Amino acid sequence: MSNTTSDDSLITTEVQADSNDDRAPVNEAGTAVAARDLNVYYGDEQAINDVTMEIPEKRVTALIGPSGCGKSTFLRTINRMNDMIDICRVEGDVEFGGKNVYDADVDPVALRRKIGMVFQKPNPFPKSIRDNVAYGLKIQGFDGDVDARVEESLKGAALWDEVKDQLHSSGLELSGGQQQRLCIARAIAPDPEVILMDEPTSALDPVAASKIEDLIDDLAEEYTVIIVTHNMQQAARISDRTAVFLTGGELVEYDDTAKIFEDPEQQRVEDYITGKFG
Ligand SMILES: Nc1ncnc2c1ncn2[C@@H]1O[C@H](COP(=O)(O)OP(=O)(O)OP(=O)(O)O)[C@@H](O)[C@H]1O
């Protein structure tokens, strides 16, 4: 992508989207996850306001918007991480695999194996590199070749070459960027369909962040990736679709990333993208 600056570059960030030419047009992809009339509340406060959107499979979808607009809430609603927050209440549907994930017969633990998550701060367990990746397999009673799956997952997370001779060292001894890739390996080991990422590079240095961005592009060959980012250049570089949330948890515009960054329909979106607020 190119990041152009204009005369008033101190206040204007123009971002040109990468076309991600190597993937088929997004409208040829099926739907991985669909939110329908989704409202989310924390007590009396509404964090997501009547959101309906279809997220394409095996593509990268970015969620952007100013602080507090509900991006993380929306992300956590998809794999029911909000279940852990007592005051959180969800109305409406999140469809995945032909079901509403909020149906009474959905097991949230099984759901989270299918919809894995990577957080802002790398959070490996205080265990060996191998055991970090094998952890979820053990819980799910995986009866295949664990070491082969660990290797495959570490390769999938572009970490294998760096750690293959130290699989029994602690995951905490790795650099921040390596720890984040270890967390990605842990998320892909149970063979999910969707990976949710909540600002996965914001705690990393630029080189480590760039490696994760490259990895996200590769992951979308096999998985649906939904990423929250504050970094608009990052959204433009790596995503196929971009959803813009604004204050009050409203989904204001959702379209192909190039359209959002180059020719948004709404003035509010243009103002946000060009740095006029947020
Ligand atoms: N656990 C919680 N308990 C109560 N309110 C919450 C909780 N988590 C989020 N909120 C509120 O819900 C709204 C949306 O928050 P959320 O974290 O989803 O926004 P965000 O867009 O991801 O913000 P940021 O970019 O700052 O991470 C905010 O008003 C926030 O204060």
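## Strands, helices and a ligand shell

Student: What makes strand β1 (residues 31–42) and strand β2 (residues 45–56) a pair?

Tutor: In this predicted model, eight bridges link β1 and β2 in the antiparallel sense. Two strands count as a pair from at least two bridges, so with eight bridges β1 and β2 qualify. One bridge to look for is at Ala-35, whose partner in β2 is Met-53. Between the strands of this hairpin there are two residues, and Gly-43 takes a positive phi near 60°.

Student: What else does β1 pair with, and how do you know that?

Tutor: Strand β4 (residues 88–96) runs antiparallel to β1, and eight bridges join the two. At least two are needed, so β1 and β4 are a pair as well. Look for Ala-35 again: in β4, Val-94 stands opposite Ala-35. Tyr-41 likewise stands opposite a residue of β4, Arg-89.

Student: Why are β2 and β5 (99–100) called edge strands?

Tutor: Start with the order of the open sheet, which has four strands: β2-β1-β4-β5, with antiparallel pairing. Both β2 and β5 pair on one side only, and that is what makes them edge strands.

Student: What lies across this group of strands?

Tutor: Helix α1 lies across β1, β2 and β4, and runs at about 60° to β2.

Student: Why is α1 called largely enclosed?

Tutor: A residue is buried if 20 or more other C-beta atoms lie within 10 Å of its own. Seven of the eight residues of α1 are buried, so the helix is largely enclosed by the rest of the structure. The buried ones are Lys-71, Thr-73, Phe-74, Leu-75, Arg-76, Thr-77 and Ile-78. Just after α1 you will find Arg-80, with a positive phi of about 60°.

Student: What part does helix α1 (residues 71–78) play in the shell around the ligand?

Tutor: α1 gives the most to that shell, with three residues. The residues around the ligand include Lys-71, Ser-72 and Thr-73, along with Tyr-42, Gly-65 and Ile-85. A C-beta atom within 6 Å is the test for being near the ligand. By class, the shell has four nonpolar, six polar and one charged residues.

Student: What makes the other sheet mixed, and which strands are in it?

Tutor: Six strands form an open sheet in the order β6-β7-β8-β3-β9-β10, with mixed pairing. Its edge strands are β6 (115–118) and β10 (250–256), each pairing on one side only. On average, neighbouring strands here are turned by 15° against each other, direction ignored. The word "mixed" fits a general point: strands of a sheet pair either parallel or antiparallel, through backbone hydrogen bonds.

Student: How do you know that strand β3 (residues 60–64) and strand β8 (residues 224–228) are paired?

Tutor: Four bridges join β3 and β8, in the parallel sense. At least two bridges are required, so four are enough. In β8, Ile-226 stands opposite Thr-61, and Val-225 stands opposite Val-60. β7 also pairs with β8 in the parallel sense, over five bridges. There, Ile-195 stands opposite Val-225.

Student: Why is β8 called largely enclosed?

Tutor: Five of its five residues are buried, so β8 is largely enclosed by the rest of the structure. Both faces are covered: Thr-224, Ile-226 and Val-228 are buried on one side, Val-225 and Ile-227 on the other.

Student: Why is Leu-246 called buried?

Tutor: Leu-246 has 22 other C-beta atoms within 10 Å. The cut-off is 20 or more, so Leu-246 is buried. Its place is in strand β9 (residues 241–246). Beyond its neighbours within four places in sequence, Leu-246 is in contact with Gly-65, Pro-66, Cys-69, Val-252, Arg-268 and Tyr-272.

Student: What describes the way helix α3 (residues 129–139) and α6 cross?

Tutor: In general, two packed helices are described by the angle and the distance between their axes. The axes of α3 and α6 come within 7 Å and cross at roughly 35°. The crossing is right-handed. Ile-129, Asn-132, Val-133, Tyr-135 and Gly-136 of α3 make the contact with Leu-182, Ala-185 and Arg-186 of α6. These residues divide into five nonpolar, two polar and one charged. Helix α6 (residues 176–188) also lies across β6 and β7 (194–198), at about 170° to β6.

Technical notes:
Residues numbered from 1 in each chain as written. Predicted model: local features only at pLDDT ≥ 70, side-chain atom pairs only at ≥ 80, totals over all residues. Nonpolar A, V, L, I, M, F, W, Y, C, P; charged D, E, K, R; others polar. Axes fitted to C-alpha atoms, helices over the stretch in contact; angles between N-to-C directions. Contact = placed C-beta atoms within 7 Å. Buried ≥ 20, exposed ≤ 12 C-beta atoms within 10 Å, placed from the backbone. Left-handed = near helix turned anticlockwise from the far one by under 90°.
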